[in-house]
Amino acid sequence: MRLNRKVITWAAAAAFAGSLPQAALAATEIEWWHAMGGKLGEKVNEIAEGFNASQGDYVLKPVYKGNYTETMTAAIAAFRAKQQPVIVQVFEVGTASMMGAKGAVKPVYELMKETGEPFDPKNYLSSVTGYYTDSDGNMLSMPFNSSTPVLYYNKTAFQKAGLDPNTPPATWPEVEAAAKKLQAAGYACGFTTGWQSWVQLENFSAWHNIPFATKANGFEGVDTELAFNSPLHVKHISTLATWQKDKIFDYGGRRSDSAPKFYNQECGMYMNSSAAYAGVKANAKGFEFGVGQLPYWPEAGKPQNSIIGGATLWVLTGHSDEEYKGVAKFFSYLSSAEVQADWHQFTGYLPITHAAAKLTKEQGFYAANPGTDVAIVQMTAKEPTANSKGLRLGNMVQIRDVINEELEAIWNGSKTAQEGLDEAVERGNALLRKFEKTAN
């Protein structure tokens with residue numbers, strides 16, 4: 001029995017409409033569970049209102065269900081109770097779990113084909129869609145809010161330190177040199193970072209085109225093993241640990257807890273999500289800031305491309321053909337250049353299509369907001385490789401917790417980089433094996 005389908009029938013209106021065709025008198029309701037609160041939630045409602053106003057056959061109903069974890073957990077519970085929404089927003093680390101939920105997901109490429117909705121995967125940024133495609137290149141979920149880490153730097157501090165305020169450091173040795181000059185100019189620390197696993201290990205791997213895990217980072221099978229204890233990973237983390245001692249690098253927390261260190265000008269550089277742009281802009285009081293690409297180690301060659309964070313929209317099974325037609329119509333609307341450009345400019349998340357990026361440029365947004373195009377350039381300059389397509393690892397939320405624990409042990413000096421990363425790989429592999437059992 002299908003429990004979630006809701007059809008709004010304007011019976012009263014029909015009684016008076018007389019000659020109006022029945023199809024014009026009813027609209028199919030489509031429920032969309034999401035994790036966007038506050039201003040982002042208001043923007044989601046605005047998108048839904050725009051779609052509803054664009055046609056009369058479907059009514060999109062967005063429902064805020066809490067943070068990413070709460071939303072995903074609620075959707076799983078609802079599916080078991082046969083009360084699932086048609087669309088649910090799931091963060092990127094939940095991708096493998098969604099793929100492993102056999103029979104629960106209707107892949108986007110199938111949905112668009114079955115409903116006859118125009119759909120060309122090549123219109124979407126491959127660095128974004130690569131995360132959510134299967135080994136045959138088929139898009140499984142619809143990209144919505146995607147971001148990638150970048151380097152924010154204090155241009156005013158750079159000028160005081162005798163550095164070129166228009167040239168952010170491109171390599172890690174240049175970061176070290178800039179940090180020392182900033183400290184000599186009176187700044188307490190050189191740089192800090194948000195989301196250390198995502199920025200300093202996951203994206204570090206993609207940026208240097210080395211595996212974070214075997215089997216193309218899990219894309220080629222659930223029997224994957226973690227590989228972020230390679231010599232280059234160990235060198236990088238060991239160097240950060242050394243820099244931690246004299247505050248060239250200063251750890252500030254697992255998520256974005258380190259942001260105040262940049263806002264209050266304690267640290268002159270800060271690595272975090274491109275979607276942090278609005279927050280940096282709002283909190284950078286008394287100084288100018290710039291945005292640069294992530295640094296790289298020169299001995300590894302020129303950088304590849306970074307990978308994303310954020311979330312996508314998954315379509316759940318158990319609904320009617322009419323509802324799926326409405327979802328396909330909504331995805332076309334959501335992917336339009338105008339809607340995507342507006343969402344990109346409002347939130348700081350990446351545009352999901354080339355057309356939205358082009359429109360944003362034509363509208364003068366990047367010129368008026370310098371640095372907002374760095375993330376796009378960083379992700380699209382090269383075609384993704386097996387090492388830079390993204391991660392497809394089960395229990396990734398728990399693996400990140402393990403990585404955070406081990407990195408903190410390295411930062412406080414209780415473990416060497418080799419010891420901590422080896423331990424993180426071993427503990428993470430145990431979590432992968434648990435996931436493998438549930439997936440087979």
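This is a short walk through a predicted model, one selection at a time.

**Stop 1: the mixed sheet**

Start by selecting strands β6, β7, β8 and β9. These four strands make an open sheet with mixed pairing, and the order across it is β7-β8-β6-β9. At the edges you will find β7 (189–193) and β9 (289–292), each of which pairs on one side only. Look along the sheet for its twist: ignoring direction, neighbouring strands are turned by 20° against each other on average.

Now zoom in on β7 and its neighbour β8 (residues 267–273). The two run parallel and are joined by four bridges. For a landmark, label C189, which stands opposite C267 in β8.

**Stop 2: the helix on the sheet**

Keep the sheet visible and add helix α9 (residues 196–207). This helix packs on the sheet and touches β6 (149–154), β7 and β8. Compare its direction with that of β8, and you will see an angle of about 80°.

How many of the residues of α9 are buried? The count is 12 of 12. The buried set takes in aromatic side chains, including W198, F204 and W207, and also E202, Q196 and Q200. Step just past the helix to N209, which follows α9 and has a positive phi, near 55°.

**Stop 3: a covered strand**

Next, select strand β10 (residues 309–315). Seven of its seven residues are buried, and both faces are covered. On one side are G309, A311, L313 and V315, and on the other are G310, T312 and W314.

Which strands pair with β10? Show β4 (residues 87–91), which pairs with β10 in the antiparallel sense over five bridges. Then show β5 (residues 142–147), which is also antiparallel to β10 and joined to it by five bridges. To follow the register, label Q89 with its bridge partner L313 in β10, then S146 with its bridge partner G310. As background, strands of a sheet pair through backbone hydrogen bonds, either parallel or antiparallel.

**Stop 4: aromatic rings**

Switch on the side chains of Phe, Tyr and Trp. Across the whole structure, a search finds 25 aromatic pairs. One of them is Y251 with W411, a tilted pair at 6.4 Å centre to centre with 45° between the planes. It links distant parts of the chain: Y251 is in the loop between α11 (231–245) and α12 (259–263), while W411 belongs to helix α19 (residues 396–411), 160 residues apart. Are these two residues buried or exposed? Both Y251 and W411 are buried.

Then select W32, F51, F144, F330, F331, Y333, W343 and Y349 together, since these residues form one aromatic cluster.

**Stop 5: lysines over rings**

Two lysines are worth a look here. Centre the view on F346 and you will find the charged end of K43 over its ring, 4.8 Å from the centre. Move on to Y324, where K106 lies over the face of the ring at 5.1 Å from the ring centre.

**Stop 6: an asparagine in a loop**

Finish at N369, in the loop between α17 (365–368) and α18 (374–380). Why does N369 count as buried? Its relative accessibility is 11%, and buried means under 20%, so N369 qualifies. Show its surroundings too: leaving aside neighbours within four places in sequence, N369 is in contact with Y277 and K281.

Definitions and conventions:
Residues are numbered from 1 along each chain as its sequence is written. This is a predicted model: local features need pLDDT of at least 70, side-chain atom pairs count only at pLDDT 80 or more; totals for chains, interfaces and linings use all residues. Side-chain values use heavy atoms; hydrogens and water are left out. Rings of Phe, Tyr and Trp (its six-membered ring) pair if their centres lie within 6.5 Å; planes under 30 degrees apart count as stacked, over 60 as edge-to-face and the rest as tilted. Buried means under 20% relative accessible area, exposed over 50%, partly exposed in between (1.4 Å probe, protein chains only). A charge sits over a ring if NZ of Lys or CZ of Arg is within 6 Å of the ring centre and within 35 degrees of the ring normal. Two strands pair if DSSP finds at least two bridges between them. Axes are lines fitted to C-alpha atoms, for helices over the stretch in contact, and angles run from 0 to 180 degrees between N-to-C directions. Contact means heavy atoms within 4.5 Å.
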